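Work through the exercises below with the sequence and the model open. Try each task before you read its solution.

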Amino acid sequence: MTLATLSDVLQPALRGNYAVGGLVTLGWEDMRAFTMAAESLGAPVILQAGPSCRAHTPLPVLGAMFRHLAESVSVPVVAHLDHGYTYEDCQQALDAGFTSLMFDGSRRPLAQNIDETVRIAEMAHGAGISCEGEIGFVGYSGGEGSAGTDPDEAARFARETGVDAMAISVGNVHLQQEREGGLDEARIRAIEAVTDVPLVIHGGSGVPLAQRRALATGSKVCKFNIGTELRMAFGAALRAAVNADQARFDRVQILQDTHESLFTAACQVISAFGAPDLRR
Ligand SMILES: [Zn+2]
């Protein structure tokens with residue numbers, strides 16, 4: 001049993017100068033491949049259930065799947081709710097066995113975001129699990145624009161909410177299909193100068209690999225959320241598997257052919273974060 005909280009994996013990452021992947025899952029095939037990739041590298045992993053995952057599969061099912069996977073490996077596995085938008089979202093995830101709750105109050109005014117995040121952090125900590133909050137707003141490729149995180153607001157948010165991890169907006173954008181953006185490192189330095197809370201980069205797929213590695217090993221950024229890049233790997237593998245044999249119709253057979261690609265993509269993502277092999 002290696003089920004872990006977000007704090008269990010991010011505090012060692014902060015002290016040891018590496019980061020942990022918050023890998024966006026959409027179903028059994030990807031969460032299993034990601035967990036096997038982490039196990040093969042001896043690295044911790046954060047399995048994330050975001051809004052579209054929850055719209056497809058009920059939270060209690062996802063919680064049981066994450067916990068089952070955690071029991072099957074020796075590396076720490078975090079069962080993480082990504083972008084909970086309400087107290088009820090977070091309560092349901094807690095009840096479903098999740099060990100980390102991300103509350104996204106980033107569309108609210110600062111004071112309201114702080115007040116609501118405090119309630120979630122208290123609920124999480126009362127149950128012995130972790131809470132991630134977001135300050136500033138991380139926008140969406142082709143959609144809502146970002147609002148960069150103000151360092152003073154970040155310091156206040158961290159101090160007043162008691163979150164275990166803080167998602168920041170520093171040039172990162174959700175759903176980016178190209179790794180061309182790059183992050184505002186000066187803003188990251190200004191934020192990490194005023195807080196010791198581990199920092200989180202959402203929209204990690206849009207960050208060049210070299211910058212992920214540099215920040216993972218040389219800043220307080222301890223978690224990168226990676227979704228789009230892994231979903232693209234799965235989509236390409238699925239398309240190839242379907243097209244490879246026009247007569248094949250069995251879903252399990254088709255999905256089996258996506259495993260190797262997903263596993264390899266996840267290994268590439270995780271290994272760029274610089275975590276030491278925990279098995280050594
Ligand atoms: Zn996000």
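Two strands pair if DSSP finds at least two bridges between them. Helices (H or I, at least four residues) and strands (E, at least two) are DSSP runs, numbered from the N terminus. This is a predicted model: local features need pLDDT of at least 70, side-chain atom pairs count only at pLDDT 80 or more, and totals for chains, interfaces and linings use all residues. Residues are numbered from 1 along each chain as its sequence is written, and side-chain values use heavy atoms, with hydrogens and water left out.

**Exercise 1. Find the strands that pair with β4, and give the sense of each pairing.**

Solution.
- Step 1. Start with β3 (residues 45-49). It runs parallel to β4, and five bridges join the two. Val 45 stands opposite Val 77 of β4.
- Step 2. Go to β1 (residues 3-4). Two bridges link it to β4, again in the parallel sense. Ala 4 has Val 78 as its bridge partner in β4.
- Step 3. Finish with β5. Three bridges join it to β4, and the two run parallel. Here His 80 is partnered by Ser 100 of β5.
- Step 4. Check the cover. Buried means under 20% relative accessible area, exposed over 50%, and partly exposed in between (1.4 Å probe, protein chains only). In β4, eight of eight residues are buried.

**Exercise 2. Trace the unit made by β4, α5 and β5, and state its handedness.**

Solution.
- Step 1. Use the convention. A crossover is right-handed if, with the strands pointing away from the viewer, the path from the first strand over the helix to the second runs clockwise.
- Step 2. Apply it. β4, α5 and β5 form a right-handed β-α-β unit.
- Step 3. Look at the loop between β4 and α5. Thr 86 is found there, partly exposed at a relative accessible area of 31%.
- Step 4. List its contacts (heavy atoms within 4.5 Å). Not counting residues up to four places away in sequence, Thr 86 touches Phe 103 and Ile 120.
- Step 5. Look just past α5. Gly 97 takes a positive phi of about 95° there.

**Exercise 3. Which residues of α5 are buried, and what covers them?**

Solution.
- Step 1. Scan α5 (residues 87-95). Its buried residues are Cys 90, Ala 93 and Leu 94.
- Step 2. Place them around the axis, using the directions from the helix axis to the C-beta atoms. The three cover an arc of only 100°, which puts them on the same side of α5.
- Step 3. Recall the geometry. An α-helix has 3.6 residues a turn, so residues three or four places apart point the same way.
- Step 4. Name the cover. It includes α4 (59-71), β4 (77-84), β5 (100-103) and α6 (110-126).
- Step 5. Compare Tyr 87, also in α5. At 25% relative accessibility, Tyr 87 counts as partly exposed. Leaving aside neighbours within four places in sequence, Tyr 87 is in contact with Arg 119, Ile 120 and Met 123.

**Exercise 4. Which protein atoms are donors to the zinc ion, and where do their residues lie?**

Solution.
- Step 1. Set the cut-off. Donors are N, O and S atoms within 2.8 Å of the metal (3.2 Å for Na, K and Ca); water is not among the atoms, so sites may look incomplete.
- Step 2. Pick the atoms. They are NE2 of His 83, NE2 of His 174 and ND1 of His 202, at 2.0 to 2.1 Å from the ion.
- Step 3. Write the spacing: H-x90-H-x27-H. His 174 lies in the loop between β7 (165-168) and α8 (185-192), and His 202 in the loop between β8 (199-201) and α9 (209-218), so the pair ties together parts that are 28 residues apart in sequence.
- Step 4. Check burial. His 174 and His 202 are both buried. His 83 lies in β4, and at 4% relative accessibility it counts as buried too.
- Step 5. Check the backbone. His 83 is not a glycine, yet its phi is positive, about 50°. Most residues other than glycine have a negative phi.

**Exercise 5. Which residues have the most contacts inside the largest nonpolar core?**

Solution.
- Step 1. Define the set: buried Ala, Val, Leu, Ile, Met, Phe, Trp, Tyr and Cys residues joined through side-chain atoms within 4.5 Å.
- Step 2. Read off the leaders. The largest core has 67 residues, and those with the most contacts inside it are Phe 98, Leu 101, Met 166, Ile 168 and Phe 224.
- Step 3. Note the other core. Apart from the largest lies one of 13 residues, among them Leu 10, Ala 13, Val 20 and Ala 165.
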